[in-house]
Structure formats: C-alpha cells, structure tokens
Amino acid sequence: MTLRLKLLAAAATPALLLAAVPAAYAATTQPDAARTALSGNILTGLNTNAVRTGAVASTDRISVAVTLASRDDKALAAFVAQVTDPASPSYGHYLTKSQFAGRFGRSDADVKKVTDYLRSQGLTVGTVHSGNLLIDATGTAAQLEKAFGTKLSTWKDSASGRSFYANDAAPSLPSSVGSLVSDVSGLNNRVQLHHQAPAAVTPHNGPGGGYTPTQIKGGYNVSGSYTGSGQQVALLEFDGFQQSNITAYDSHYGLSSTAPTVHKVSGGSGPLGDGQVEVELDIEVLNAVAPAAKITVFEGPNSDAGEVDTYQAIVDSGVPVTSISWGAAETQRTSSNISAVDAVFAQGAAEGLSFFAASGDSGSDDAGTGGTSVDYPASDPYVTGVGGTTLTVTSANAWSRETAWSGGGGGKSGVFSIPSWQTPVQKSQGGGKRQVPDVAALANPSPGVSIYSQGRWGQVGGTSAAAPEWAGFAALYNQQATAAGKPRLGFANPALYTAGGTGFHDITSGSNGAYSSATGWDFTTGWGSYNAATLAAKLLNP
C-alpha cells in the first residue's frame, strides 16, 4: 500500500500583535536596503502543471524553519570524512553539540542578527536549535510575504486536483541577513511525503502471513545474546500509533520491549491518520530485531518546515540511530529544501549519529514519470539508503537465498555527486553521481513481515520494513561496540564500504526496472543484506 500524505497548510487564526522592532536592527537597516534572493527556493513548473486559484489569506498563520549557512561547509565535510573513516586516527572522535556549534555553527552575533530581523517583521521566533544553524519562526501570511519579499498564492494541481500553496517568487532578505541564510522551509506545501509501505494489512485469524521475529533474526544471523540493551533508536514519523497494538505484538512473540517514548515536534503530527499502520510497522520491526532497545518516536507536522524541524529535533536529542521510512523523489522537492535537510544530516554525522532511510517502493522510477529517479533522503550522502529484497529462510529459520525485490528503489542521484567512500564501486551508469541504495533487507510484501495493527494481524512489506531492520542491526552493533570499548557506528557508509562486501549476503539476481543485480555493489540492493555476526565482527576489527 503506497501512502501519500498531503502536507497541509496551517489553520487560519487571528494574527498576533506585531512584535516590537528590535532597536539594534531598526537603527541600522533601511526599508529599501539591497536584498539577496535565496536560490533554489521556488517550485518549478507551477504554471504548466498547476492552476493558480487565489492568494493565501493574509491572516493565515504559517510556520517556517530558517536554515543558516554553515560557517565552513568544506571543513565540515572534511571533518566528517575523517571521523567516519575506519582507517583514520580520528575515527569515532565525534563532536558534542556544543563543539559542533562552536566549530561549524554561526556565531551568537549572527544568530541574533537573523532573529532580530525576523522579529522586526512581526514574526514570532521559536527555537534556535543546537548547532546554531536552524531557527523556527511563525507569522501570518502577510508578515511572511513582507519578511521574505514574496507573495503566497493558492494553487490546484492539474493531475491530482490537490490544493496547495506556494511562494510566487524566490524569497529574499536584506543582504546583511541574506548572506547568513541558505533556506526558508515552509513557504510551500506541495511536496507529498510518502511512507514506503506498498502492501496493505491483510487480515488473518492469527499472526500467519509475513515473517516473524524469529525468522527475521534467523535469516540475518542475529545472535540471541545481543538484544540492543542500553541502546536508543529514533523513528521519524508524520503520523501516530496506538500502544495497544504494539503491546499485542510484543506479548504474542514474547518480547520484553518497553513502550516507545513519543516526542512531539512543533505540536506533533495531529490526529491519528492513515499512516498508523506504517508507524506501527516501524516500531514492531525494530522490536523484532532489537527488542531491548529504547525507541523514541518523533512525531512532527506533515509540512515542509515540520520535516526539517523533526530531523533537527532528532539530532538535538542525540539519539544515536534513526530509521526513516518517509520520503519523496528528488525531483519533487526544491533544491533548497534538500540542502536544508542535508545540513541537518551533516551535523548528525559530525556528532556520530546513524541514519537509515528507505530507498522507495517504485523501483528505478521513484517519481513515477516513466524515467529513472531516486528517493530522498535515501540519496543523501550522509544517509545510508536501504533497498529491498525477497528473503527466503530454511525450515530452521536460517538464510537460504535472497533476490532483489522489483519495487526496491535504486539508481543515481540527480543532486549529489558521488562521495569519496563510494568511488571504489563507481558505475558508468551512475554518471559521477551518488549511487543508491547502499544496503538492503527484506521488503517484498510476499512474504513481508508479520505485524499487529488496527486490532488485527497482517503482513506488510516495503523498504519501510527494510530501514528499521538495518536500524535494529545498528543498535545491536552499538551494544557490542560499547562492550568492546569501541566507538559507536555513527554515519555508517564509510565503514560499510570499507568492509568491501564482508559480512553481507551478496544478491546477484533480480532487478528493479532499469537496473539488475550483479556481483558486488549494484543499483538494486547495494552491498546486499547483513549477516549480523560476521558484519559486526568486521566492523569491530576493520
């Protein structure tokens, strides 16, 4: 079941009284000062595939997330490369949040300059996040239009009929402020994030249908002595769940998992919606692989700004491992939105955090346009993209064989160049771009995984099952690394590529449309699925 959740505009409420203009800003800035436009911050093709229906009501309140440019992008990339390279003496020496802010974030004076400007325009400034690179603000449509020098219009998508709003022109800021800002998220809500889960829950009288925790752990050689004890995993979600369903799942399989903690970001995801099944899938798969790991579910608003804020909240929390099952094709996003999310992942990588993202369930054509495209954030260079397989286990629940699942996303990025750690497996079809996925795991809805949701048993598949399977492995690895006095996995890709295929089930059959499996790394399953015992041993002793 492919689920596409619409990003809804904030409800209209009476405008707040304008905040007093900060004296320091007002004294030095003229209304007609030169302005700097923020490139890549406008939707393309609006007039060709949508119809303008009017203007956003001036009193509608909208939340935005203002991303500041890192103090030194090149130095940050170089630092991440060193701290995540197993051959580097800096490996595992991650930064604390305060160290990151001091080394790569903007100065307090820079942050004050931006917040003073926002307040001078009547906006309410919220959280200034760790790292000094993201500022939350809210205001009426009229205030946002004035602050960012643009107009907000309502539109109707010609294909789907869905209504949305968007800025008519690139936002701009006074040059003294604009030089510090790289993106303003929240000025449009056209993007439809979807959860990578193509198979609806099929009712059963019992848990029949879909692999059980024993089958998943057996297939991937997960030792019973490692349970994720003492470890934490985050889930990024734009919907909620019912604990009664999680409890039923855990009770049936004899899992001793504790109830997840819910962290609501910017008010949370709202009333329980159609994404409930997929959220419960994420939680239950994690419980299956790493039952003792503590899960925090970060529930954020299904909006452009809400996405950035929710990722940032995860980084702020310091939870070491995150599973991500929501995404959209690169081509369906603005380049500045991708840059804003990428900046959060870069901070996470510098601070030793792992991100595993589903690569999509539409094969090599993530956008569904008949060409080739990949899903974001799986294509981000600071994220481990997780593709999909069809797993077969023996009667003793051991790995038997595995093939590429036809729905597993994979291909070349249209945004990012190939990272240095991926160049040893660079393919001519990649054209010098980031190649996806990095790894893979069970995703085919047949057999899928056994879950309990909405009061009944069923089976669900998709790369949204594969991503938490890998996040579960990361929790197990971190447990072993802690016991051995080694650093946690952190951003995993450099270490996974250094392993050179050791510890993986190399998947050499199957295709996802434009690409076919082959020996070694390929565009369908990356390096393949994990053999938990051998891969952990390799990572602990590279």
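# A walk through the model

Start by selecting serine 266, which at 48% relative accessibility counts as partly exposed. Keep in mind as you click around that this is a predicted model. Serine 266 sits in the loop between β13 (261-264) and α10. Check its backbone: phi is positive, about 50 degrees, although serine 266 is not a glycine. As background, most residues other than glycine have a negative phi, and most peptide bonds are trans.

**Second stop: asparagine 221**

For another non-glycine residue with a positive phi, jump to asparagine 221, where the angle is about 55 degrees. This one belongs to the loop between α8 (213-219) and β12 (232-237). Is asparagine 221 buried, partly exposed or exposed? Its relative accessible area is 37%, so it counts as partly exposed.

**Third stop: two helices crossing**

Go back to the loop of serine 266, which has α10 at one end, and select helix α10 (residues 276-289) along with helix α13 (residues 463-483). Two packed helices are described by the angle between their axes and the distance between the axes. Here the axes come within 8 Å and cross at roughly 40 degrees. Which hand does the crossing have? α10 passes α13 in a right-handed crossing.

Now show side chains. From α10, pick Leu281, Asp282, Val285, Leu286 and Val289. What they meet in α13 is Ser464, Ala465, Pro468, Glu469, Ala471, Gly472, Phe473 and Leu476. Colour this contact by class and you get nine nonpolar, two polar and two charged residues. As you look along the helices, remember that an α-helix has 3.6 residues a turn, so residues three or four places apart point the same way.

**Fourth stop: the cavities**

Time to switch on a cavity display. Rolling a probe the size of a water molecule over the atoms shows where empty space is left. How many cavities of 30 Å³ or more does the structure hold? There are two.

The largest cavity has a volume of about 50 Å³. To frame it, select Pro86, Tyr91, Tyr477, Ala495, Ala499, Lys538, Leu539 and Pro542, which make up the lining. By class, that lining is seven nonpolar residues, no polar ones and one charged. Tyr477 is one of the lining residues, and its number falls in the range of α13 (residues 463-483), the helix you just had on screen.

Next, the second largest cavity, at about 40 Å³. Its lining is Thr67, Leu133, Leu134, Gln312, Ala340, Ala343, Val344 and Gln347. Which helix gives the most to this lining? That would be α12 (residues 335-350), with four residues. The class split is five nonpolar, three polar and no charged residues.

**Fifth stop: strand β4**

Thr67 is among the residues lining that second cavity, and its number lies within strand β4 (residues 61-68), so follow the strand to isoleucine 62. Isoleucine 62 has a relative accessible area of 4%, so it is buried. For a long ruler line, draw a distance from its C-alpha to that of glutamine 232: the two are 170 residues apart along the chain and separated by 33 Å.

**Sixth stop: a buried arginine**

Select arginine 190, in the loop between β10 (181-185) and β11 (193-195). Buried or exposed? It counts as buried because its relative accessibility is 15%, and the cut-off for buried is under 20%. Now bring up its surroundings. Leaving aside neighbours within four places in sequence, arginine 190 is in contact with Leu43, Leu46, Asn49, Ala50, Asp157, Arg162, Phe164 and Tyr165. Take tyrosine 165 from that set: it is 25 residues away from arginine 190 in sequence, yet the C-alpha atoms are 6.8 Å apart.

**Seventh stop: helix α6**

Helix α6 (residues 141-148) is mostly covered, with six of its eight residues buried. Those to highlight are Ala141, Gln143, Leu144, Glu145, Ala147 and Phe148. Just after the helix comes glycine 149, with a positive phi of about 60 degrees.

**Last stop: two cis prolines**

Finish with peptide bonds. Tyrosine 376 and proline 377 are joined by a cis bond, with omega about 25 degrees. Proline 377 is in the loop between β18 (375-376) and β19 (384-393). Then move on to valine 436 and proline 437, where the bond is also cis and omega is near 0 degrees. You'll find proline 437 in the loop between β22 (433-436) and β23 (439-442).

Note on methods. Residues are numbered from 1 along each chain as its sequence is written. This is a predicted model: local features need pLDDT of at least 70, side-chain atom pairs count only at pLDDT 80 or more; totals for chains, interfaces and linings use all residues. Side-chain values use heavy atoms; hydrogens and water are left out. Axes are lines fitted to C-alpha atoms, for helices over the stretch in contact, and angles run from 0 to 180 degrees between N-to-C directions. Helices (H or I, at least four residues) and strands (E, at least two) are DSSP runs, numbered from the N terminus. A crossing is left-handed if the near helix is turned anticlockwise from the far one by less than a right angle, and right-handed if clockwise. Contact means heavy atoms within 4.5 Å. Ala, Val, Leu, Ile, Met, Phe, Trp, Tyr, Cys and Pro count as nonpolar, Asp, Glu, Lys and Arg as charged, and the others, Gly among them, as polar. On a 1 Å grid over the protein atoms alone, a cavity is a set of points where a 1.4 Å probe fits but cannot get out, and a pocket is an open set with protein on both sides within 12 Å along at least five of seven lines; lining residues have an atom within 4 Å of a point. Grid points are joined across faces, edges and corners, and a volume is the space filled by probe spheres set on the points. Buried means under 20% relative accessible area, exposed over 50%, partly exposed in between (1.4 Å probe, protein chains only).
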